[in-house]
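Trainee: I have not looked at this structure before. Can we go through it one feature at a time?

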Amino acid sequence: MKIFQREQRSLFGEILDWMLTPLLLLWPVSLALTWLVAQGLANKPFDRALEYNAHALAQLVGVPADGGKGGVQFNLPQPASEILRADDSDIVYYQVMGPGGEFLSGERELPEPPAEETPLPGEVRLRDAELRGVEIRVAYIWVRLPLQGGPLALVQVAETREKRSVLATEIIKGVMLPQFVILPLAVLLVWLALARGIQPLNQLEQRIRARSPDDLSPLDDRTVPLEVAPLVSSVNDLLTRLNESLATQKRFLADAAHQLKTPLAGLRMQADLAQREGTSTEELKRSLQHIGRSSIRATHTVNQLLALARAEGSGAGIARQPCDLAELTIEVVRDSVPRAMDKHIDLGYDGAEPGSPGVQLSGNPTLLKELVRNLVDNAINYTPSTPEKPGVVTARVLADTFGQVLMLQVEDSGPGVPEAERELVFQPFYRALGSEADGSGLGLPIVMEIAAKHHAEVLLEDAHPGQNPPGARFSVRFPADAEEAG
C-alpha cells in the first residue's frame with residue numbers, strides 16, 4: 001500500500017510567499033489607481049483653461065445698440081480667434097447659440113448640453129462628449145441677455161483630449177517607473193529581514209545539535225523570540241518527562257538487581273547443598289523446601305517490581321473509566337481470604353455496598369485493585385496471629401453524605417507503625433525495625449504511586465489509639481471527581 005506523505009514546506013518560503021504574493025497582486029491595482037489619479041490631475045489645469053475661454057467668449061455675446069432689434073450679436077476679434085486655434089496638440093472648437101437655438105458662430109456640429117439640464121446663467125459647467133468620433137472635453141456657459149424676458153444664449157468651448165492623455169502618461173511614468181526599482185529592492189529587503197528574523201531558530205537548532213546525548217537539562221528560553229518560547233517550553237516539558245522516565249527505569253533496574261540478588265543467591269546455595277555427596281534424604285528435603293520458599297519470594301518480588309514499574313510508568317494520562325470502589329475492594333478481599341485463613345487472620349469487608357451513592361469514581365480499575373491488594377497484603381503480612389488469638393484485618397469503603405470525599409480504609413490489629421517511621425514505610429524496600437514479616441518492601445510505594453495517579457491522599461494512623469497493640473489504619477482519600485481533578 002502506497003503511503004502519501006504530506007509535503008514538507010519551508011517556514012522561510014511560507015512566510016516569503018505570504019508577504020510577496022499580496023505585494024505582487026497589489027502592484028496592478030496600484031497601476032490602475034495611479035491611472036485614475038493621473039487622469040484627474042491631468043484634467044484640472046486644462047479644465048481651468050477651458051473655463052477661462054468660455055468666460056472670455058461669453059463676454060463677447062451681446063445685443064446691438066438699437067435694443068436688440070438687430071438680434072443677438074457675437075463679435076470675435078481676430079487675435080482671440082488665433083489664440084483659440086493656436087494649439088499644436090489639440091483642436092479647439094467653440095460654438096455660440098442664440099436664445100432661440102439659432103446658430104451664431106463657431107462649430108455647428110458641436111453637441112448641445114443635455115436637454116434635462118437646468119440652465120444656470122453665469123456658471124461654467126464641464127462635460128465629456130464626442131465630435132466626429134473623437135472624444136472631446138466641453139466647457140459651456142449660459143449667458144443672460146439684456147432683452148425683455150431675459151433670454152439665455154449658450155457659449156461652448158471644446159478641445160480634444162490629446163494633451164490630457166500625454167500629461168496623464170507622463171504622470172504615470174513618473175510614478176510607476178521608480179516602482180520597477182523599488183519592487184525588487186523591497187523583495188530583497190524582505191528576504192534579508194526574514195533571514196535575520198529566523199536566525200534565532202538556526203541558533204537554537206545548533207545549540208540542540210551540540211548537546212551530548214545524556215544532557216536532558218532544560219533549554220534556555222530567555223534567548224529565543226517570544227513566538228518560539230512556547231515551543232521551547234514544550235520541549236523542556238518533554239525533556240523533564242523523559243528525564244523522569246529514564247530515572248524511573250534506572251531506579252527500577254537498580255531495585256530489581258538489589259532485591260533479586262538475595263533470593264537468587266539463596267537458590268544457588270541451596271542447590272549446591274543439595275548436590276553435595278553424602279546428603280541425606282532429610283537434608284535434601286530441607287534444601288528443596290528452602291529452594292521453594294526462595295523461588296516464591298523471588299516471584300513475589302518480581303511481581304511487585306513489575307507492579308511498581310507499571311504504576312510509575314503509566315504517566316498522568318492513565319486510561320480512566322467509571323469504577324465502583326466498593327465492588328473492587330470486595331473482589332480483592334474475596335481473593336485474599338484463602339491466604340488470610342492460612343495465617344489465621346479474620347479478613348472481612350465492612351463498608352458501603354456496591355452501587356450505593358458516592359462509591360463511584362473515574363479511574364483505572366487494574367491499578368485501583370493493585371492498590372487495594374497491596375494494602376490488604378501489607379496488613380496480612382504485619383498482623384501477628386495464632387490459632388488461639390487470630391488477628392483481624394478489615395477493609396471498608398466510605399463516602400460522605402455530600403459526595404465530596406470517597407475513602408478507602410484498611411486497618412489491622414497488628415503492632416502499628418511508630419510515628420517516627422510513618423513516612424519511611426512509603427519508601428521502596430524500607431522494612432520496619434524488628435519486623436520478621438515476609439515481604440519485598442514495595443507494597444506501600446506502589447500504593448503511593450497509584451494514589452498519586454488518581455490524585456488521592458494516603459494517610460497512616462493508629463487503628464485503636466490508646467490500646468495495645470494500637471494497630472494500623474491506612475486511609476486513601478479520593479476526590480469526588482477524580483477525572484476532573486486530573
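Trainee: Between which two strands does the loop with Arg 132 lie?
Mentor: This is a predicted model, and Arg 132 sits in a loop of it. Strand E5 covers 125-131 and strand E6 covers 134-144. The loop with Arg 132 therefore lies between E5 and E6.

Trainee: What is the phi of Arg 132, and is the residue buried or exposed?
Mentor: Most residues other than glycine have a negative phi. Arg 132 is not a glycine, yet its phi is positive, at about 55°. Exposed means over 50% relative accessible area, so Arg 132 counts as exposed, at 51%.

Trainee: Where is His 455 found, and what is its relative accessible area?
Mentor: His 455 also has a positive phi of about 55° although it is not a glycine. The residue is found in the loop between helix H9 (443-453) and E13. Partly exposed lies between 20% and 50%, so His 455 is partly exposed, with a value of 40%.

Trainee: Which residues does the cis peptide bond join?
Mentor: Most peptide bonds are trans. Here omega is about 0° at a cis bond. One of its residues lies in the loop between strand E13 (457-462) and strand E14 (472-479). The bond joins Asn 468 and Pro 469.

Trainee: Which residues make the nonpolar surface patch?
Mentor: One of them is found in helix H1, residues 11-58. That residue, Leu 26, has a relative accessible area of 52%, so it is exposed. The patch is about 500 Å² and is made by Leu 26, Val 29, Leu 33, Trp 35 and Leu 36.

Trainee: In which sense does strand E11 pair with E9, and in which with E12?
Mentor: Asp 346 has Val 392 in E11 as its bridge partner, and E9 and E11 (residues 391-399) pair over 5 bridges. Val 393 has Asp 412 in E12 as its bridge partner, and E11 and E12 (residues 405-412) pair over 7 bridges. The E9 pairing is parallel, and the E12 pairing is antiparallel.

Trainee: Where in the chain is confidence lowest?
Mentor: The mean pLDDT of the chain is 79, and 80% of its residues reach 70 or more. Over residues 482-486 the pLDDT is below 50, and this stretch has 9 contacts in the model beyond near neighbours in sequence. Where pLDDT is low, the predicted coordinates should not be read in detail. Confidence is highest in strand E9 (residues 345-349), at 93, and lowest, at a mean of 42, in helix H10 (residues 482-485).

Definitions and conventions. Residues are numbered from 1 along each chain as its sequence is written. This is a predicted model: local features need pLDDT of at least 70, side-chain atom pairs count only at pLDDT 80 or more; totals for chains, interfaces and linings use all residues. Side-chain values use heavy atoms; hydrogens and water are left out. Patches are made of residues with over 30% relative accessible area and no salt bridge: like charges are joined within 9 Å, nonpolar side chains (Val, Leu, Ile, Met, Phe, Trp, Tyr) within 5 Å. Accessible areas come from the Shrake-Rupley method with a 1.4 Å probe; for residues, only the protein chains shown count as cover. A salt bridge is a side-chain nitrogen of Lys or Arg within 4 Å of a carboxyl oxygen of Asp or Glu. Helices (H or I, at least four residues) and strands (E, at least two) are DSSP runs, numbered from the N terminus. Buried means under 20% relative accessible area, exposed over 50%, partly exposed in between (1.4 Å probe, protein chains only). pLDDT is the predictor's confidence in each residue, from 0 to 100. Contact means heavy atoms within 4.5 Å. Two strands pair if DSSP finds at least two bridges between them.
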